[in-house]
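Student: Before I trust any label in this model, I would like to hear how each one is earned. Could we go through the terms one by one?

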Amino acid sequence: MANVTVIGAQWGDEGKGKIVDWLSERADVVARFQGGHNAGHTLVVGEKVYKLSLLPSGIVRGTLSVIGNGVVLDPWHFRDEVAKLSAQGVAIMPDNLQIAETCPLILPFHRDLDGLREDASGAGKIGTTRRGIGPAYEDKVGRRAIRVCDLAHLDDLGPQLDRLTAHHDALRAGFGEPPIDRAALMAELTEIAGFILPFVKPVWLTLNRAKAAGKRILFEGAQGTLLDIDHGTYPFVTSSNTVAGTAASGTGLGPNAAGFVLGIVKAYTTRVGSGPFPTELDDATGQRLGERGHEFGTVTGRKRRCGWFDAVLVRQSVAVSGVTGIALTKLDVLDGFDTLQICVGYKIGEQTFDYLPAHAQDQAKAEPIYESIEGWHDTTAGARSWAELPAQAIKYIRRIEELIGCPVTLVSTSPEREDTILVRDPFAD
């Protein structure tokens with residue numbers, strides 16, 4: 001049985017939570033491999049709605065869940081999220097949840113710096129969640145991060161704090177902020193360490209043993225490929241690599257462990273925050289998509305920008321993430337449209353492109369080249385087989401497959417986990 005890696009193939013918010021939840025019932029381990037609590041996954045199980053941002057989605061099903069080394073961890077948010085889910089009846093304990101020893105910590109001054117920078121950036125705002133994700137990754141790369149394993153050795157933290165405060169105190173001074181209160185920080189770390197440490201394990205070892213035993217591992221990505229620090233619409237991106245290849249480096253398994261790469265794609269396109277969006281609809285149609293799709297961020301509550309399906313961008317995502325098949329979500333949101341549009345290329349000045357150029361100014365000027373396709377008026381909501389879909393909805397799906405060069409593996413027709421059409425079983429490859 002294959003492992004499965006799930007990634008977003010647009011700008012995030014594609015409905016990964018439901019798909020991971022649907023798959024996790026058949027997995028032995030679910031592993032987060034990048035991002036932090038800026039991610040947002042909503043799971044609907046019967047009458048209950050679970051909102052996760054840091055914990056792997058498999059925890060709701062009781063599947064062994066791990067937070068890999070590629071994740072940046074806010075320990076206080078972790079405690080709050082565990083408490084919230086526990087209150088909903090989800091059992092969370094060291095037996096079913098592990099945190100990698102080498103996860104960098106998001107600390108209070110990371111959140112401060114994130115907000116200070118955004119407020120001072122004027123027209124250059126990126127639209128971060130202000131949760132300290134970027135500054136924490138910067139400290140990781142700068143080799144000054146405090147990591148999860150350091151919580152067991154707080155008495156030895158002095159040299160690391162020297163490196164950390166030398167960097168951050170200078171930044172804080174530039175914003176007119178006082179230096180980091182080292183005593184207060186140590187007190188906070190001492191207080192939270194007892195809660196975090198029981199969950200801490202050599203996750204790379206757990207996963208390698210699971211692989212050797214033939215266990216099925218589900219790798220859960222956060223955000224989306226178009227927010228990747230290298231392959232996304234830079235600088236309006238997240239601070240980690242979101243492509244499928246990160247499943248290896250972000251967990252401690254080799255690249256051959258990724259298995260079937262499932263790209264999650266909405267039947268239209270959305271984006272939260274700043275940055276280019278060629279097919280954005282700032283009109284009644286965009287409003288209709290947003291209202292029908294309930295397009296508000298799970299983490300931020302921010303209204304999502306909405307537009308037509310962009311086959312060019314999804315084709316790029318398929319290429320850079322090595323996507324094996326896609327899961328098409330929110331098809332039901334398109335019910336009732338007379339005509340649908342699919343972006344098949346861009347015009348920038350006098351030139352046409354079948355990909356999105358890398359420079360931000362070119363991306364901002366890109367005008368979509370559309371192909372029209374007839375819509376449908378029968379409902380797709382709740383469909384669980386091809387036979388229940390209108391013929392024109394099937395034509396829409398088939399055209400998407402042709403344009404992105406990748407087959408559809410799953411189709412989701414509502415937030416309910418069972419309202420899913422299985423075309424190809426990712427775990428069977």
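Tutor: Let us start with accessibility: a residue is called buried under 20% relative accessible area, exposed over 50%, and partly exposed in between, with a 1.4 Å probe and protein chains only. This is a predicted model, in which local features need pLDDT of at least 70 and side-chain atom pairs count only at pLDDT 80 or more, while totals for chains, interfaces and linings use all residues. Residues are numbered from 1 along each chain as its sequence is written, and side-chain values use heavy atoms, with hydrogens and water left out.

Student: Why is Arg79 called partly exposed?

Tutor: Arg79 has 26% relative accessibility and therefore counts as partly exposed, since that class lies between the limits of 20% and 50%.

Student: What makes the contact of Glu191 and Arg79 a salt bridge?

Tutor: The term requires a side-chain nitrogen of Lys or Arg within 4 Å of a carboxyl oxygen of Asp or Glu. The side chains of Glu191 and Arg79 meet at 2.6 Å, N to O, so they satisfy that limit. Glu191 lies in helix H6 (residues 182-196) and Arg79 in helix H2, so the pair ties together parts that are 112 residues apart in sequence; helices here are DSSP runs of H or I with at least four residues, strands are runs of E with at least two, and both are numbered from the N terminus. Glu191, at 45% relative accessibility, also counts as partly exposed.

Student: Which other salt bridges does the structure hold, and how many are there?

Tutor: The structure holds 20 salt bridges. One of them joins Arg111 and Asp74 at 2.9 Å, N to O. That pair links distant parts of the chain, with Arg111 in helix H3 (residues 108-120) and Asp74 in the loop between strand E5 (64-67) and helix H2 (75-87), 37 residues apart. Asp74 is buried, with a relative accessible area of 3%, whereas Arg111 is partly exposed, with a relative accessible area of 31%. In another, Lys16 is bridged to Glu14, with the closest N and O atoms 2.8 Å apart, and both Lys16 and Glu14 are buried.

Student: Why is the pair of Phe195 and Phe199 described as tilted?

Tutor: Rings of Phe, Tyr and Trp (its six-membered ring) pair if their centres lie within 6.5 Å; planes under 30 degrees apart count as stacked, over 60 as edge-to-face and the rest as tilted. The structure holds seven aromatic pairs. In the pair of Phe195 and Phe199 the centres are 5.9 Å apart and the planes stand at 45 degrees, so the pair is tilted. Phe199 counts as buried at 6% relative accessibility, whereas Phe195, at 28%, counts as partly exposed. Ring pairs also link Phe78, Phe195 and Phe199 into a cluster.

Student: How do you know that the charged end of Arg288 sits over the ring of Phe337?

Tutor: The rule asks that NZ of Lys or CZ of Arg be within 6 Å of the ring centre and within 35 degrees of the ring normal. The charged end of Arg288 sits over the ring of Phe337, 3.9 Å from its centre, and that of Arg398 sits over the ring of Trp386, 4.8 Å from its centre.

Student: What makes E1 and E8 a pair of strands?

Tutor: Two strands pair if DSSP finds at least two bridges between them. Strand E1 (residues 4-8) and strand E8 (residues 217-220) have three bridges and run in the parallel sense, so they pass; Val6 stands opposite Glu220 in E8. E1 is also joined to E9 by five bridges, again in parallel, and the bridge partner of Ile7 in E9 is Gly263. Five bridges join E9 to strand E13 (residues 325-329), which run parallel, with Lys266 partnered by Thr329 in E13. These strands belong to an open sheet of ten strands with mixed pairing, in the order E7-E6-E5-E2-E8-E1-E9-E13-E17-E18.

Student: Why are strand E7 and strand E18 called the edge strands?

Tutor: Strand E7 (200-201) and strand E18 (420-422) each pair on one side only.

Student: How many residues of strand E9 are buried?

Tutor: Seven of the seven residues of strand E9 (residues 260-266) are buried, and the strand is described as mostly covered. Phe260, Leu262, Ile264 and Lys266 point one way, and Val261, Gly263 and Val265 the other way.
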